[in-house]
Amino acid sequence: MVQEVRERPSELVNEIDEKGYFHRQKNHFDTPFGSGKEHNPVEAGRYRLVWAKGCHWSNRASIAIELLGLQDVISVNLVGRTPREKDLGWEFVFDEGNKDPVLDVQFLSELYANADPEYKGRATVPAVVDVKTKRVINNDYVWLTNYFETEFRPFQAPDAPDLYPEELREEIDAYNDYLFEHVNNGVYKAMFAQSLEAYNDAYNNLYQAFDEIEERLENNRFLFGDYVTDSDIRLFVTLARFDTRYFKNLGPIRNRIVDFKNIWGYARDLYEIPAFKNNTYFADLAKSTEKPKSIFIDYNTRFWDKIDYETLWNQPQERYLLSKTPSEKFKRNEEVK
Ligand SMILES: N[C@@H](CCC(=O)N[C@@H](CS)C(=O)NCC(=O)O)C(=O)O
């Protein structure tokens, strides 16, 4: 029932400090997956991932599930928004009657309330829901893909890629922290900044990182060499949204993604992989939800459905020339060698 659903709390009220800097709310449901008493048990058919096309934090998880062949183990569903006077947050708008057919609820916030009636934060995606109890049991986007890569290994496809090789884990973790700070959340720090000082800091940080990544990709096909890793998923989801959507809220940008030779080739190399392609909805990302307020109508509102993103992102590139295994983008798990 719509009336009982809690109105969405705003970042601009709760997540901005006195100097205008944005500080993201903490993940509330961070119980890890594993075999201990303090863990969410690793089981097939027990969990459902809820994600949203626009949200890169959740897009990582949907890409990882498909890359690892876990679709029959962890079910997946999408949420969206219905424009209302009061923002009620994520809703199962793609399902009949706007209700998730497995969980039988309309709003994601209901599943958060089932888990913790006192929860005051935003009901965010990604959210992993226990289908038995209809409770959110994990919304820890930082570690979610790593749980799928490690704890869910017994349920992965036999030839699943090893996206988080043991010998690289420390380096990948450190690089993921860097990506979070400067790129994934770096974009948001600029987009939510409420003072020019906070904005300029965030903007410079972001472009410094893009310059560093451009250099790293000069001789490396992927961030860690010849094979796709967890870090590549995390970078890709931000790149896919940059020229499509973020540029609008970033202000005058220095370069688009298509202006970076290496980053742009790299992004298309990843986009060739079905799990990346199937989970990226460019037209939906570009589609504007704002009502025009003046005679000047923003670029996305005018052109979102006229740009052929598929052709643009399918332009050939020669990144394979950088690799010792040009036709293999993945390190496969040992057992199947
Ligand atoms: N859980 C994290 C990150 C996930 C996140 O921010 N997801 C966004 C979409 S990208 C969301 O679900 N927002 C829903 C809302 O704020 O109503 C957070 O709380 O900041």
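A residue counts as buried under 20% relative accessible area, as exposed over 50%, and as partly exposed in between. Keep that scale in mind as we walk through this structure, which is a predicted model. Arg84 makes a good first example: its relative accessible area is 30%, so Arg84 is partly exposed. Its side chain meets that of Glu91 in a salt bridge, with N and O 2.6 Å apart. Glu91 sits on the other side of the cut-off, since its relative accessible area of 1% makes Glu91 buried. We will come back to charged pairs, but let us turn to the sheet before that.

Four strands make up an open sheet, in the order β2-β1-β3-β4, with mixed pairing. The edges are taken by β2 (74-78) and β4; each has a single partner strand, so one side of each has no neighbour in the sheet. On average, neighbouring strands here are turned by 40° against each other, direction ignored.

Now follow strand β3, residues 127-130, which is covered on both faces. Ala127 and Val129 point to one side, Val128 and Asp130 to the other, and all of them are buried. In one direction, β3 is joined to β1 (residues 47-51) by four bridges, the two strands running antiparallel. If you look for the residue that stands opposite Val128 there, you will find Leu49. In the other direction, β3 pairs with β4 (residues 135-138), again in the antiparallel sense, over three bridges. Here Val129 has Val136 as its bridge partner, while Asp130 stands opposite Arg135. Four residues lie between the strands in this hairpin of β3 and β4, where Lys134 takes a positive phi near 55°.

Helices come up against this sheet too. Helix α3, residues 108-115, lies across β1, β3 and β4 and runs at about 80° to β4. Helix α2 (residues 56-67) is the place to find Arg60, a residue worth pausing on. Is Arg60 buried or exposed, and what is the nearest side chain of opposite charge? Arg60 is buried, yet has no salt bridge; that nearest side chain belongs to Asp230, 6.4 Å away. The cut-off behind this is a side-chain nitrogen within 4 Å of a carboxyl oxygen, so a separation of 6.4 Å does not qualify. What the side chain of Arg60 does reach is the backbone oxygen of Tyr141, at 3.1 Å. Leaving aside neighbours within four places in sequence, the contacts of Arg60 are Tyr141, Val142, Thr145, Asn184, Ile233, Arg234 and Val237.

Back to the charged pairs. Side chains of opposite charge can pair when their charged atoms come close. This structure holds 22 salt bridges, and two more of them deserve a visit. One joins Lys329 to Glu272, whose closest N and O atoms are 2.8 Å apart. Lys329 lies in the segment after α12 (309-313), and Glu272 in the loop between α8 (261-271) and α9 (274-278), so this pair ties together parts that are 57 residues apart in sequence. Lys329 counts as buried because its relative accessibility is 12%, whereas Glu272, at 45%, counts as partly exposed. Both belong to a network of salt bridges that also links Arg221 and Asp269.

The other pair is Asp305 and Lys306, whose side chains meet in a salt bridge at 3.4 Å, N to O. Asp305 has a relative accessibility of 49%, so Asp305 counts as partly exposed. Lys306, at 61%, counts as exposed.

One last stop is Ser195, in the loop between α5 (169-192) and α6 (196-219). Its relative accessible area is 22%, so Ser195 is partly exposed. The side chain of Ser195 reaches the backbone nitrogen of Ala198 at 3.1 Å. Which residues does Ser195 contact, leaving aside its neighbours within four places in sequence? They are Lys19 and Gly20. Ser195 and Gly20 are 175 residues apart along the chain, but their C-alpha atoms are separated by 4.9 Å.

Conventions. Residues are numbered from 1 along each chain as its sequence is written. This is a predicted model: local features need pLDDT of at least 70, side-chain atom pairs count only at pLDDT 80 or more; totals for chains, interfaces and linings use all residues. Side-chain values use heavy atoms; hydrogens and water are left out. Buried means under 20% relative accessible area, exposed over 50%, partly exposed in between (1.4 Å probe, protein chains only). Two strands pair if DSSP finds at least two bridges between them. Lys and Arg count as positive and Asp and Glu as negative; His and the chain ends are not counted. A polar contact is a pair of N or O atoms within 3.5 Å; within protein, one must be able to donate a hydrogen and the other to accept it, and residues adjacent in sequence count only if both atoms are side-chain atoms. Contact means heavy atoms within 4.5 Å. Axes are lines fitted to C-alpha atoms, for helices over the stretch in contact, and angles run from 0 to 180 degrees between N-to-C directions.
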